[in-house]
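Hi everyone, thanks for making time for this. I'd like to walk you through one structure, so please have a look at it on the screen.

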Amino acid sequence: MPKYYEDKEEDGRACGGVREDLRQCLLESPCVLQENKSPKQCLREGHCRSLQVTFFACKRSMVSVAVAWMLSVLF
């Protein structure tokens, strides 16, 4: 089960749970803990890739919904 379900406050932002899981994955990765690299650098190197893809897909779906709503208002 994703970690964001375990006694966490609601983020309130879109895709907040996935964002938190991605953050935790990066902070707990050997890249950060053992190699002392920044989470941003580890993300660029491909660590936590599946959560990064999931987060991107979630954000993209939010944009798609917004665009569909704007088009329905305009036409």
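Let's start at Lys 37, which counts as partly exposed because its relative accessibility is 25%. Keep in mind as we go that this is a predicted model. Which residues does Lys 37 pair with? One is Glu 35, through a salt bridge with 3.1 Å from N to O. Another is Glu 45, where the closest N and O atoms are 3.0 Å apart. Put those together and you get a network of salt bridges linking Glu 35, Lys 37 and Glu 45. The two acidic partners are partly exposed as well: Glu 35 has a relative accessible area of 45%, and Glu 45 comes in at 40% relative accessibility.

The count of salt bridges is three, so let me show you the pair I haven't mentioned, and here I simply cite the cut-off: a side-chain nitrogen of Lys or Arg within 4 Å of a carboxyl oxygen of Asp or Glu. Arg 23 and Glu 20 meet at 3.9 Å, N to O. Both sit in helix H1, residues 16–27, three residues apart, which is about one turn of the helix. Arg 23 is partly exposed at 42% relative accessibility, and Glu 20 is partly exposed at 22%.

Now let's step back to the overall fold. The protein has four helices and zero strands, and its elements run α-α-α-α from the N terminus on. Of its 75 residues, 19% count as buried. The accessible surface is about 5900 Å², with 59% of that belonging to carbon and sulfur atoms.

On to the cysteines. How many disulfides are there? The count comes to three, and with bonded cysteines counted along the chain, the pattern is 1-6, 2-5, 3-4.

Take Cys 15 and Cys 58, whose sulfur atoms are 1.8 Å apart. The torsion about their S-S bond is about -95°, so this disulfide is left-handed. Cys 15 lies in the segment before H1 and Cys 58 in helix H4, residues 49–74, so the pair ties together parts that are 43 residues apart in sequence. Cys 15 is buried, at 10% relative accessible area, while Cys 58 is partly exposed at 23%.

Next, Cys 25 and Cys 48 form a disulfide with their sulfur atoms 2.0 Å apart. This pair links distant parts of the chain, with Cys 25 in helix H1 and Cys 48 in the loop between helix H3 (39–44) and H4, 23 residues apart. Here too the torsion is about -95°, so the link is left-handed. Cys 25 is partly exposed at 27%, whereas Cys 48 is buried at 14%.

Then there is the disulfide joining Cys 31 to Cys 42, S to S 2.0 Å. Cys 31 is in helix H2 and Cys 42 in helix H3, so parts 11 residues apart in sequence are tied together. This link is left-handed, with -90° about the S-S bond, and both of its cysteines are buried.

That brings us to the inside. Which residues make up the largest nonpolar core? There are nine: Cys 15, Val 18, Leu 22, Leu 26, Cys 31, Val 32, Cys 42, Cys 48 and Phe 55. The elements giving two or more residues to this core are H1 and helix H2 (30–33), and the largest share, three residues, comes from H1. Finally, look at Phe 55: leaving aside neighbours within four places in sequence, Phe 55 is in contact with Cys 15, Val 18, Arg 19 and Leu 22.

Thanks for listening!

Key: Residues are numbered from 1 along each chain as its sequence is written. This is a predicted model: local features need pLDDT of at least 70, side-chain atom pairs count only at pLDDT 80 or more; totals for chains, interfaces and linings use all residues. Side-chain values use heavy atoms; hydrogens and water are left out. Buried means under 20% relative accessible area, exposed over 50%, partly exposed in between (1.4 Å probe, protein chains only). A nonpolar core is a set of buried Ala, Val, Leu, Ile, Met, Phe, Trp, Tyr and Cys residues joined through side-chain atoms within 4.5 Å. Contact means heavy atoms within 4.5 Å. Accessible areas come from the Shrake-Rupley method with a 1.4 Å probe; for residues, only the protein chains shown count as cover. A disulfide is a pair of cysteine sulfur atoms within 2.5 Å.
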